[in-house]
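This report introduces selected features of a single protein chain to a reader who has not met it before. It moves from individual residues to aromatic pairs and then to the packing of helices.

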Amino acid sequence: MKNRAACALFPWLTLVAACGQLTTPPAPDGFEVTTARLAGTFADSARANGVIGAQLAVSVPGQPVWTSVFGTDSPGVPMTEDILLGTGSISKMFSAVAALRLVDRGQISFTDTLGRWFPDAANLPADLQLRHLFWNQSGLPEYGAAAGYAPAVLADLSRTWTARELLAFVGPPTFAPGASWYASNTDRVLLAAIGAMETGLPHGEYLRRELFEGGGGEVWSPGQADPKAPRIGTHWAQNAAGQTINYSQAVFGPSLFTSRLETYISARELVLFARRLFEGDLLSVQARASMLTFVPADGGVPGQTGGGIGVRRFSYSGRTMYGNSGATTNSSAMYLYDPGTGVIVSMNTNQAGELHRNSHFTVVPALVIEANRFVEASRNR
């Protein structure tokens, strides 16, 4: 109770030791020694890099999911483990996996072409195969980069966008299908639109039912039918003058949410999802093998060595890992899964990456390596 009172009275404390673990029971078998190291590394990095608020979740086989938090959601309000934070490009994973489940069922196939669903869309290549969308090799440019996109989204924050309206912003292909790799959100929106047409459900509701087992309180996507309003965190950005601004207060609303089709999730829920994705029942053996078939990807993310379906392959400290990262003007996140140890680490923040020097790209791999030491030591006992 004393720790809880301290958290309420002194929210500027960064609380990894004092407040961040209140909801996590002591780990058995010495794992608390490892979590203390994880907490220290996480907190040290967050302090050094100016993190406003962040969540950390670590899943180690045989141990309960361990979580910690840092900093604040908003001034005077501590970050908590159940607040939902933006995931940026990690949202591509959710859309791709949801569509891959339709492949699993035989409703769609990798060789189907866009003309099946968009026969009258003059700006979309009718003969483009879905495999090029799944593996981000379509060549279609980012719809959000079109000159008219941002003004249209900001013109009316109460507007609800449909997938077809968003796809009208897609310009000519920048390379031939299969000739290169680019993780365009256009690919994701097309897969989301196809999934909605095939299931008759809004994309967010399809994700809720298909990927999150009926929808807990720690995941939200636009179009999701929730019994209560989601607890989306306060998100922070940087304006042209270099000032930190409350992006939630300035921009959040139906127009931004539905134009992004972004999934908001807690770090804890993200590692639970990743466990099911890589080791559980979300996909068949064949579908998971397709997901983990990697093509050469650009070097835009440190450590990245290939792109699969909704996931990326990385190399850190000589180890192959799978995962994804995401960034927007107001959030940044990363998760990694080490197939050799089963360790999963997710870090979600409530601010743009440049506001904390994109520290997630260094601290998340470091935390995986730290957790790996516990697993490897346990194997040698």
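Asn136 sits in the loop between α4 (130-134) and α5 (149-155). The model is a predicted one, and in it Asn136 has a positive phi of about 55° although this residue is not a glycine. With a relative accessible area of 10%, Asn136 is buried.

A positive phi is also found at Arg357, again a residue other than glycine, with a value near 60°. Arg357 belongs to the loop between β13 (344-349) and α13. Its relative accessible area of 58% is over the 50% cut-off, so Arg357 counts as exposed. A further positive phi, of about 50°, is taken by Glu213 just after α8.

Two other residues may be described by their surroundings. Gly308 is located in the loop between β9 (304-307) and β10 (312-316). Residues up to four places away in sequence are not counted in its list of neighbours, and Gly308 then touches Phe134, Trp135, Met291, Thr293 and Phe294. The C-alpha atoms of Gly308 and Gly171 are separated by 24 Å, and these residues are 137 residues apart along the chain. Thr244, by contrast, is part of strand β7 (residues 244-246). Apart from its neighbours within four places in sequence, Thr244 is in contact with Ile52, Trp236, Ala237 and Leu355. Between the C-alpha atoms of Thr244 and Arg131 the separation is 40 Å, with their positions 113 residues apart along the chain.

The accessibility of several residues is set out below.

| Residue | Relative accessible area | Class |
|---|---|---|
| Gly308 | 2% | buried |
| Tyr247 | 14% | buried |
| Phe252 | 17% | buried |
| Thr244 | 45% | partly exposed |

Aromatic side chains form the next topic. How many aromatic pairs does a search of the whole structure find? The search gives 20 aromatic pairs. One of them joins Phe94 and Phe273 in an edge-to-face arrangement, at 5.0 Å centre to centre and with 70° between the planes. This pair links distant parts of the chain, with Phe94 in helix α3 (residues 90-104) and Phe273 in helix α11 (residues 267-279), 179 residues apart. Both Phe94 and Phe273 are buried. Tyr247 and Phe252 form another edge-to-face pair, at 6.2 Å centre to centre and with 85° between the planes. Tyr247 and Phe252 also belong to one aromatic cluster together with Trp220, Phe257 and Tyr264.

Helix α8 (residues 203-211) is mostly covered, with eight of its nine residues buried. The buried residues are His203, Gly204, Glu205, Tyr206, Leu207, Arg208, Glu210 and Leu211. What do the buried residues of α8 pack against? They pack against α3, α7 (185-199) and α11.

Helices α3 and α7 also meet each other. In general, two packed helices are described by the angle between their axes and the distance between the axes. The axes of α3 and α7 come within 9 Å and cross at roughly 40°. The two helices, α3 and α7, are therefore oblique to each other. Their crossing is left-handed. From α3, the residues Ser91, Lys92, Ser95, Ala96, Ala99 and Leu102 meet Asn185, Arg188, Leu191, Ala192, Gly195, Glu198 and Thr199 of α7. This contact between α3 and α7 comprises five nonpolar, five polar and three charged residues.

A further helix pair consists of α2 (residues 31-48) and α13 (residues 360-379), whose axes come within 10 Å and cross at roughly 165°. An angle over 145 degrees counts as roughly antiparallel, which means that α2 is roughly antiparallel to α13. The crossing of α2 and α13 is right-handed. On the α2 side the contact is made by Phe31, Thr34, Arg37, Leu38, Thr41, Phe42 and Ser45, and on the α13 side by Val363, Leu367, Glu370, Ala371 and Phe374. An α-helix has 3.6 residues a turn, so residues three or four places apart point the same way. By type, the residues of the contact of α2 with α13 are seven nonpolar, three polar and two charged.

Methods. Residues are numbered from 1 along each chain as its sequence is written. This is a predicted model: local features need pLDDT of at least 70, side-chain atom pairs count only at pLDDT 80 or more; totals for chains, interfaces and linings use all residues. Side-chain values use heavy atoms; hydrogens and water are left out. Axes are lines fitted to C-alpha atoms, for helices over the stretch in contact, and angles run from 0 to 180 degrees between N-to-C directions. Helices (H or I, at least four residues) and strands (E, at least two) are DSSP runs, numbered from the N terminus. Angles under 35 degrees count as roughly parallel, over 145 as roughly antiparallel, 65 to 115 as roughly perpendicular and the rest as oblique. A crossing is left-handed if the near helix is turned anticlockwise from the far one by less than a right angle, and right-handed if clockwise. Contact means heavy atoms within 4.5 Å. Ala, Val, Leu, Ile, Met, Phe, Trp, Tyr, Cys and Pro count as nonpolar, Asp, Glu, Lys and Arg as charged, and the others, Gly among them, as polar. Rings of Phe, Tyr and Trp (its six-membered ring) pair if their centres lie within 6.5 Å; planes under 30 degrees apart count as stacked, over 60 as edge-to-face and the rest as tilted. Buried means under 20% relative accessible area, exposed over 50%, partly exposed in between (1.4 Å probe, protein chains only).
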